[in-house]
Amino acid sequence: MRKDSRLIKQAREVLQIEAQGILDLVERIGPEFEEVVEMILNSKGRVILTGIGKSGIVGRKITATLNSTGTPSLFLHPAEAVHGDLGVVTADDIVIAISNSGYTKELASILPSLKGLGAKVIAFSGDPESPLARESHLFINVGVEREACPMGLAPTTSTTAALAMGDALAVVLINRRQFNRRDFKRFHPGGSLGDRLSIRIKEVMLKDDKIPLVLKDQAIEEAIFEIDRKRLGASLVVDDGLVLQGIVTDGDIRRSLIKRRDIMGLKVEEVMSTSPKMIDEGKRVAEAVALMEHNAVTVLPVVDRVKRVRGIIHLHGLLGGKEFRLNDG
Amino acid sequence: MMAEGLPKGLIVDLITPLNDKGGIDSQGLDTLLKKILPYADAILLAGPQMGEGRGLGLKLKIDLLEKAATFIQGKVPIFFWISEDSVKGTRDVIAHLEALLESSSYNGAVFWLDSPLFYHSNRGLYNHYQDLTLNTGYPFVLYNDPGLIRLLDRPLKRGNIRTNILKDLGKIDKIKALIFRGSLTRANNYQRALNTRADLRVYDGDEVGFLEHPSLSGVLSIGANIAPGIWSKVTRASLGMLKEDRERPDYLNQIWEMGKLLRDLIQIYSRNPVWIIKKALFDLKIIGSPACTNVTEGFQEKDSVLADFISRHNIV
């Protein structure tokens, strides 16, 4: 019992020290941060993170955060950079170099080349007097006053501080770009099923020329061609005002063939189902899936209050992999 | 000379070598400093703990500074503990020491290390320092050591500088650093209070605390009197100042082992650091006498254990 208490005390101390490291940044952050944000917003290139060891790992995480929040970013390993990977850097790019000491020789060796390529360099370092800080266009002080790990065996508070500063940068950029939930989902199509099910239908339904449509007095051949073109296994039947009249599915055509052998020459209205299940565009995907499962259908017309067709959804598109994507509007 | 900034690293809380007549052991001081200076980033003289500053008296303090300054020759900054039991006494010590430095034209960096609560209360501390710094020629380092204040045996007296008062003190340019002993929570609060001063250093005054969670300014070390090389290495590793060494395959293991050795040393001398370390330095023929201003009775006969440990581990 006593031993556990000691361990917890130590753990609390570590958390306290790391929290303090971040709180120190709160006090220290200044106009240079705004300059970094403006520099990135005005750039036509990408934000390239670089660093080695644990700073490199922090750089990779910041890269991922920037990418998922709308700032194109990539990670450049300093050791690989001197063996050819510098070719990825262009004059439009902004390089954020992370080193707590600011003396990391692998970074020092690529700095002249980065600047020679015309890229802007921002230093994330704990030492304003370090070569990295002095040689960079902008310097962000991510220094901390105390490491949590004894004898400097591993950087702890300093890497936490650099990581937090990267998050601060990403979040400020989100706000400045007016990046919203829709944009976030656009960059996260592989989100969990739960996330998918919570999305509104109007955000995922197929629209405009992706909707298979026929008029009820058209020949059934037209419906078959439309079903084949749009590849959803069905075509919606509408009147001139796009008001839903019915649906023709692969199953309807198959059953007509069994019954009549020759269906050519029939009109759509002679084959279609006249009371299709449908859903409002404001409902969520979860409700659509439940409705489809309950009625054993794979396609649902999406309509407004006067049954005018707004779109169409397919079960596989909602639950499956790559077919599921947010629409453009 | 007024130093603009203070270094990061190892501050050695130097023992005051005394001869059997109670004077400064010049030869011992010279030998000890020759052993320590290559590894130290600053030297504390007449400190309240290792330097026996509370028992030295003005004459010995002046003698100590004069001799130490001659040996140190400006190679590293000197911290000198000047606190007495009253404001007047403290001012007198500063005046005499400054007169000495002026007359000797010493051009190394000197800082007055002051434990304000030793002779003053938190109330009015800012005004006290405004006045003190205005009328003295050298910069100050504050020493927050609640253990020292407890020795005054005044139960109602506060042992720590209040955080909001420290925040005000941080605005005084001539205060250049703080040596801190106390809880981690207080350390964090102090750090926040001093955040506006990027040039102000906060050193750990507690060796064990530094070995656990190192302050990135440095440490005031007792053990560096006997193991300066190891303390320097561990301090520099903790401060991320050993860039080249980090590439050695067994670097982490070496630092770990050194840290363990220092903890073992602390275990040995922590009962009575002044006497035990002086005795070890005497046994190792670095100083001429283990004499102290105030030796705990009956302590003398037991303690060759540190010298034995140092010899056994071949500590330089």
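Two residues count as in contact here if their C-beta atoms, placed from the backbone, lie within 7 Å. With that in hand, this predicted model puts 20 residues of chain A in contact with 22 residues of chain B. On the chain A side, the residues touching chain B break down into eight nonpolar, five polar and seven charged. Below is a quick tour of chain A itself.

**Domains**
- The domain assignment splits chain A into domain 1, covering 2-179, and domain 2, covering 193-319.
- Going by C-alpha atoms, the centres of domain 1 of chain A and domain 2 of chain A are 52 Å apart.

**The five-stranded sheet**
- Chain A has an open sheet of five strands with parallel pairing, and the order reads E2-E1-E3-E4-E5.
- At the edges sit E2 and strand E5 (138-141) of chain A, each of which pairs on one side only.
- Ignoring direction, neighbouring strands in this sheet are turned by 20° against each other on average.
- Four bridges hold the parallel pairing of E1(A) and E2(A), and Val47(A) sits opposite Ser73(A) of E2(A).
- Helix H2 (residues 31-41) of chain A packs on the sheet, where it touches E1, E3, strand E4 (120-125) and E5 of chain A.
- The direction of H2 makes about 130° with that of E5(A).

**Helix H3**
- Helix H3 of chain A takes in residues 54-68, 15 residues in total.
- From first C-alpha to last, H3 reaches 21 Å, close to the 21 Å expected at 1.5 Å a residue.
- Plenty to look at on the buried side: Ser55(A), Gly56(A), Val58(A), Gly59(A), Ile62(A), Thr63(A), Thr65(A) and Leu66(A) are buried in H3(A).
- As a reminder, an α-helix has 3.6 residues a turn, so residues three or four places apart point the same way.
- The cover over the buried residues of H3(A) includes strands E1 (47-50), E2 (73-76) and E3 (94-99), along with helix H7 (157-177), of chain A.
- After H3(A) comes Gly70(A), which has a positive phi near 95°.

**The E7-E8 hairpin**
- Strand E7 (residues 234-238) of chain A runs antiparallel to E8(A), and five bridges join the two.
- Across this pairing, Ala234(A) faces Thr249(A) in E8(A).
- The hairpin of E7(A) and E8(A) has five residues between the strands, and in it Leu242(A) takes a positive phi near 65°.
- Strand E8 (residues 244-249) of chain A is mostly covered, with five of its six residues buried.

Conventions. Residues numbered from 1 in each chain as written. Chains lettered and ligands numbered in written order. Predicted model: local features only at pLDDT ≥ 70, side-chain atom pairs only at ≥ 80, totals over all residues. Domains from an automatic or database assignment. Buried ≥ 20, exposed ≤ 12 C-beta atoms within 10 Å, placed from the backbone. Pairing = 2+ DSSP bridges. Nonpolar A, V, L, I, M, F, W, Y, C, P; charged D, E, K, R; others polar. Expected span 1.5 Å × (residues − 1). Axes fitted to C-alpha atoms, helices over the stretch in contact; angles between N-to-C directions.
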